[in-house]
Amino acid sequence: MKKTAFTTSETAWCPGCGNYSILETLTGVLNQMETPPHQVVLVGGIGQAAKANQYISANGFSGLHGRSLPAAVAIKIANDDLTVIVNTGDGDSYGEGGNHFLHNIRRNVDITHFVHDNQIYGLTKGQPSPTSDPCDLSHKINACNMGATFNPLLIAIAVGATFVARSFSGDKEHLAEIMQAAIKHPGYALVDILQPCVSFNKKNTFAYYKQRVKPLDPTYDATNKLAAMEKAMEFGDTIPIGILYQEQALTYKEKRPELFDAVPLIDKLVNLEDVQALIHRYI
Ligand SMILES: Cc1ncc(C[n+]2csc(CCOP(=O)(O)OP(=O)(O)O)c2C)c(N)n1
């Protein structure tokens, strides 16, 4: 039987926003996979990027700002049959969600994390995010970091991510290829997607990225961790895109299979009648 198609609905994004091609590419990738919509959960926090999950016909979960990873990990542990994809912004992933980013990566739960990285807080109208470029005191038109700029790929590799990639919303073919590889990867997979915000980021525009992004050389060895860390530090006149690092390692399920047997675990930890009584007190 042919599976039901993933479809998209009308959005509330600005015309020209980089989120459109991410939405379109992800929907296309999901349609190419065998997994049907009812087996996919798209998880986000708060922000323009996180809204993408409301525009695709699959299961969705909108958590608090910065809390998409713990929700995604919990969903995966509760039902391992689901394909769990975190699809959210750079502020949500690396700022408010910074601590979750570090520690969920370390577990290597089999989830995929797509970050729409527009290098600003878009929904709240353009404040600097962790990935905003460093301040050049002469330019005042754009949000920028007075402190150090957060390097998500370098940090992800350092804390044990088993799949670390970058792509660009302006290159849908590249993005589709990387998204597919990330979803197929057994374990945590991060794809930082450069995504121009046409309204509030006047520096990191479509043309800016187009001029700088450069696919990794076909001879590049993505299994060399130190070389990958060095590659992750390249972000300037040239911005490498592709799979910077990948390793096969035990997933959290392989390390802690008993946790994935959610129903017996709940039975063991709590008395369901007590929980029901508690719920009834508040409804
Ligand atoms: C704990 C908390 N802090 C701040 C906010 C306000 N807030 C909502 S969305 C947002 C920025 C989202 O930026 P990002 O995750 O980069 O997504 P974008 O809108 O750029 O796609 C902020 C600061 C909030 N809702 N909750």
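What distance separates the centres of domain 1 and domain 2, taken over C-alpha atoms? In this predicted model, the two centres lie 33 Å apart. Domain 1 spans residues 19-249. Domain 2 spans residues 256-283. Both ranges come from the domain assignment of the protein.

The ligand was examined next. It is surrounded by 16 residues. Gln48, Gly91, Asp92, Gly122 and Leu123 are the closest of these. By class, the shell around the ligand holds 8 polar, 5 nonpolar and 3 charged residues.

Backbone atoms of the protein approach oxygen atoms of the ligand at several residues, including Asp92, Ile120 and Leu123. At Asp92, a polar backbone atom is 2.7 Å from a ligand oxygen. At Leu123, a backbone N or O atom lies 2.8 Å from an oxygen atom of the ligand. For Ile120, the corresponding distance from a backbone N or O atom to a ligand oxygen is 3.3 Å. On its own, the ligand has 600 Å² of accessible area, and the protein covers 73% of this. Two elements, helix 3 (90-95) and strand 5 (120-121), each give two or more residues to the shell around the ligand. Helix 3 provides the largest share, with 3 residues.

Helix packing was also analysed. Helix 2 covers residues 68-78, and helix 4 covers residues 98-107. Their axes come within 8 Å of each other. The crossing angle is roughly 35°. On the side of helix 2, the contact is made by Leu69, Pro70 and Val73. Helix 4 contributes His100, Phe101 and Asn104. The contact between helix 2 and helix 4 has 4 nonpolar and 2 polar residues. No charged residues take part in this contact.

Note on methods: Residues are numbered from 1 along each chain as its sequence is written. This is a predicted model: local features need pLDDT of at least 70, side-chain atom pairs count only at pLDDT 80 or more; totals for chains, interfaces and linings use all residues. Side-chain values use heavy atoms; hydrogens and water are left out. Axes are lines fitted to C-alpha atoms, for helices over the stretch in contact, and angles run from 0 to 180 degrees between N-to-C directions. Helices (H or I, at least four residues) and strands (E, at least two) are DSSP runs, numbered from the N terminus. Contact means heavy atoms within 4.5 Å. Ala, Val, Leu, Ile, Met, Phe, Trp, Tyr, Cys and Pro count as nonpolar, Asp, Glu, Lys and Arg as charged, and the others, Gly among them, as polar. A residue is near a molecule or strand if one of its heavy atoms lies within 4 Å of it. A polar contact is a pair of N or O atoms within 3.5 Å; within protein, one must be able to donate a hydrogen and the other to accept it, and residues adjacent in sequence count only if both atoms are side-chain atoms. Accessible areas come from the Shrake-Rupley method with a 1.4 Å probe; for residues, only the protein chains shown count as cover. Domain bounds come from an automatic or database domain assignment.
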